[in-house]
Amino acid sequence: MPPATKRKRGEGQWALGYREPLNKNEENKKNDDGLNVRQRIIDVYSKAGFDSIDPADLRGRFRWFGLYTQRKPGIDGGKTGSLPDEELDDRYFMLRVRIDGGQLDGPQTRVLADIAQKYARGTADVTDRQNIQYHWIRIEDVPAIWDALEAVGLSTMEACGDTPRVIIGCPLAGIAEDEVIDATPHIRDVHDRYIGSPEFSNLPRKFKTAMSGCTAHCTVHEINDVAFVGTVNAEGEAGYQVFAGGGLSTNPMFAQSLGVFVKPEQAHEVWKGIISIFRDYGYRRLRHRARIKFLMADWGAAKFREILEKEYLGYALPDGPEPAAPLPRRDHVGIHPQKDGRYYVGFAPRVGRLNGDLLGVIADLAERYGSGRVRTTAEQKMVILDVPEENTEALADALAEHDLQVRPSTFRRQTMACTGIEYCKLAIVETKQRAMDLMDELEKRLPDFEQPLTINVNGCPNACARIQVADIGLKGQLVVDENGDQVEGFQIHLGGAVGASFGKKVRGLKTTSEGLTDYVERVVRNYDAQRTEGETFAAWTQRADEADLK
């Protein structure tokens, strides 16, 4: 008698009949849709206070409206993974405002500034997904914040949680001289049809979307769950190529092209088909495998496309061309012409760190020198639109007075940092100030260095700051210093590039936080001395002697 074959364990895929929750997160979502927590916040929690909050809402459903408890001050990184949530939780919240496409008008920017001043102790950061993120938010103030946001067309709905999060887009959509297609109406179409719908409010985990016709590829489509990338077919029609299955964290994967051509009017239904595949076939048993990238890795792009067309669209998509290659710097910093004859002015806050005062200044300057329209970017930067040519230099000077650089150094322009231990419960080390100090010191030590170079600083392994696709990626961890003491430090990833390669880890290459600047200066000097004409940092790391990388 042949041995019995072991039945493969189910992954919790709804489409295969696994509807019973296989972990606590899935059980909480089945018990109550996260969207329902809004009314409890308004009617109960904001009136009765922090202690009245149901734990399943506090550490689960609150995320459906952009709320996470922030880290209690004074808890060092060595305790991050060992303390229960109850001990890590402060009684205050991070609150994330979704800004789809990064698009803000004057009144919206002013309201964001006012909320920071009134309710968030002045805090406001621009994230690498074009959101604005506050800290020190009290549950009692959340309904008033929502009222203020919603009065100007903004929201925190599905800014976090197992939902379709903010749709990132090119900040120059509709105004760039060289864009392939203006994705603004298609972002709005998806948003208005599906964001906040119970149809997609219980996904296996988060779902990140990009839609853009930008020739710089500023939305880094290669690391999104789904991305619609502007391209032109053989008939000269502008539409989209679609990529799916990208993501970083502890198991990074680049998105795969589906090889299709999507007409603009089809974008919303193709997006719906892809997110429906994730909802129905996504792995729900283990949280660390509950992202669409794992499904794509198992299926491959051909099967994924076949399921999309046959089971969800009901029609075949034509084959489509791949988009053109990205530019060396995939951002929009500096003064550049718009297609209407006016100019946009892109500037660099310090690793995305803003505050209420600065947001108010930005709103003032946008109205004084432009039309009031402001954009956030996926590189923690901002852009003021619609500036007459004669106003561009005056605006640049006015921004510089507030340390918002229009012509920043490479280090200011291309250094990114996550929230870090200051507020984040997952973090092990401090990041924002450490990155700012690094940037300032490198500007002094290497004033003439002008080559593209990305430095991404992350407080934990989760890669919110994209460490694996940076030239120099810094993953926060505790390390042992020369005295044998455990201190804050970083594991170093070198030579990453979005869509091309993940940074390599050189054996034993770590640094203390205190020694970080000396290390980066040393490796950058080695690159600058040894590079050939046009050679990127990533290419140099592949051929450099290991000694020159340490």
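This report describes the cores, sheets, helices and ring contacts of one structure, which is a predicted model.

## Nonpolar cores

The largest nonpolar core contains 53 residues, and those touching the most other members are Ile-41, Phe-62, Phe-93, Leu-112, Tyr-134, Ile-384 and Leu-399. Among the contributors to this core, helix H11 (residues 356-369) gives the most, with seven residues. A second core, separate from it, has 39 residues, including Ile-181, Met-211, Ile-274 and Phe-304. In soluble globular proteins, nonpolar side chains tend to be buried together.

Leu-112 illustrates how a member of the largest core is surrounded. When neighbours within four places in sequence are left aside, the contacts of Leu-112 are Val-97, Ile-99, Leu-104, Ile-132, Tyr-134, Leu-149, Leu-154 and Leu-359. Tyr-134, one of these contacts, is also listed among the residues that touch the most other members of the core.

## The antiparallel sheet

One open sheet consists of five strands in the order E3-E14-E15-E12-E11, with antiparallel pairing. Strand E3 (103-104) and strand E11 (334-337) form the edges, and each pairs on one side only. Four bridges join E11 to strand E12 (residues 343-347) in the antiparallel sense. Gly-334 has Gly-346 in E12 as its bridge partner.

Helix H11 packs on this sheet, where it touches E12, strand E14 (374-376) and strand E15 (382-387); the directions of H11 and E15 make an angle of about 20°. H11 is thus described twice here, as a helix packed on the sheet and as the element that gives the most to the largest core.

## The mixed sheet

A further open sheet has five strands in the order E16-E17-E18-E19-E20, and its pairing is mixed. Strand E16 (415-417) and strand E20 (504-512) each have a single partner strand, so one side of each lacks a neighbour in the sheet. On average, and with direction ignored, neighbouring strands here are turned by 25° against each other.

Within this sheet, strand E17 (residues 455-458) and strand E18 (residues 472-480) are parallel partners over four bridges. Asn-456 stands opposite Gly-473 in E18. Helix H14 (residues 432-445) lies across E16, E17 and strand E19 (486-494), and runs at about 165° to E16.

## Helix H10

Helix H10 (residues 301-313) has Ala-301, Phe-304, Arg-305, Ile-307, Leu-308, Glu-309 and Leu-313 as buried residues. An α-helix has 3.6 residues a turn, so residues three or four places apart point the same way. The buried residues of H10 pack against two strands and two helices: strand E9 (238-244), strand E10 (256-257), helix H8 (267-281) and helix H9 (292-299). Phe-304, buried in H10, is also a member of the second core. Just after H10, Gly-314 adopts a positive phi of about 80°.

## Aromatic rings and charges

The whole structure holds 20 aromatic pairs. Two of them are set out below.

| Pair | Centre distance | Plane angle | Type |
|---|---|---|---|
| Phe-200 and Trp-271 | 6.0 Å | 80° | edge-to-face |
| Tyr-527 and Phe-537 | 5.3 Å | 75° | edge-to-face |

Phe-200 lies in the loop between helix H7 (184-194) and strand E7 (207-212), whereas Trp-271 lies in helix H8; the pair links parts of the chain 71 residues apart. Both Phe-200 and Trp-271 are buried. Ring pairs also join these two residues with Tyr-194, Phe-207 and Phe-278 in a cluster.

Tyr-527 belongs to helix H15 (residues 516-530) and Phe-537 to helix H16 (residues 537-543), so this pair ties together parts that are 10 residues apart in sequence. Tyr-527 and Phe-537 are both buried.

Charged groups also lie over rings. Arg-121 lies over the face of Tyr-92, at 5.0 Å from the ring centre. The charged end of Arg-284 is placed over the ring of Trp-14, 3.8 Å from its centre.

## Positive phi outside glycine

Glu-158 is a residue other than glycine with a positive phi, near 60°. Glu-158 occurs in the loop between helix H6 (142-151) and strand E6 (164-168). With a relative accessible area of 0%, Glu-158 is buried.

Val-220 likewise has a positive phi, near 40°. Val-220 is located in the loop between E7 and strand E8 (226-232). Its relative accessibility is 4%, and Val-220 therefore counts as buried.

Notes
Residues numbered from 1 in each chain as written. Predicted model: local features only at pLDDT ≥ 70, side-chain atom pairs only at ≥ 80, totals over all residues. Heavy atoms only, no water. Core = buried A, V, L, I, M, F, W, Y, C linked by side-chain atoms within 4.5 Å. Buried < 20%, exposed > 50% of the residue type's maximum accessible area, 1.4 Å probe, protein only. Contact = heavy atoms within 4.5 Å. Pairing = 2+ DSSP bridges. Axes fitted to C-alpha atoms, helices over the stretch in contact; angles between N-to-C directions. Phe/Tyr/Trp six-rings, centres within 6.5 Å; stacked < 30°, edge-to-face > 60°. Lys NZ or Arg CZ within 6 Å of the ring centre and 35° of its normal.
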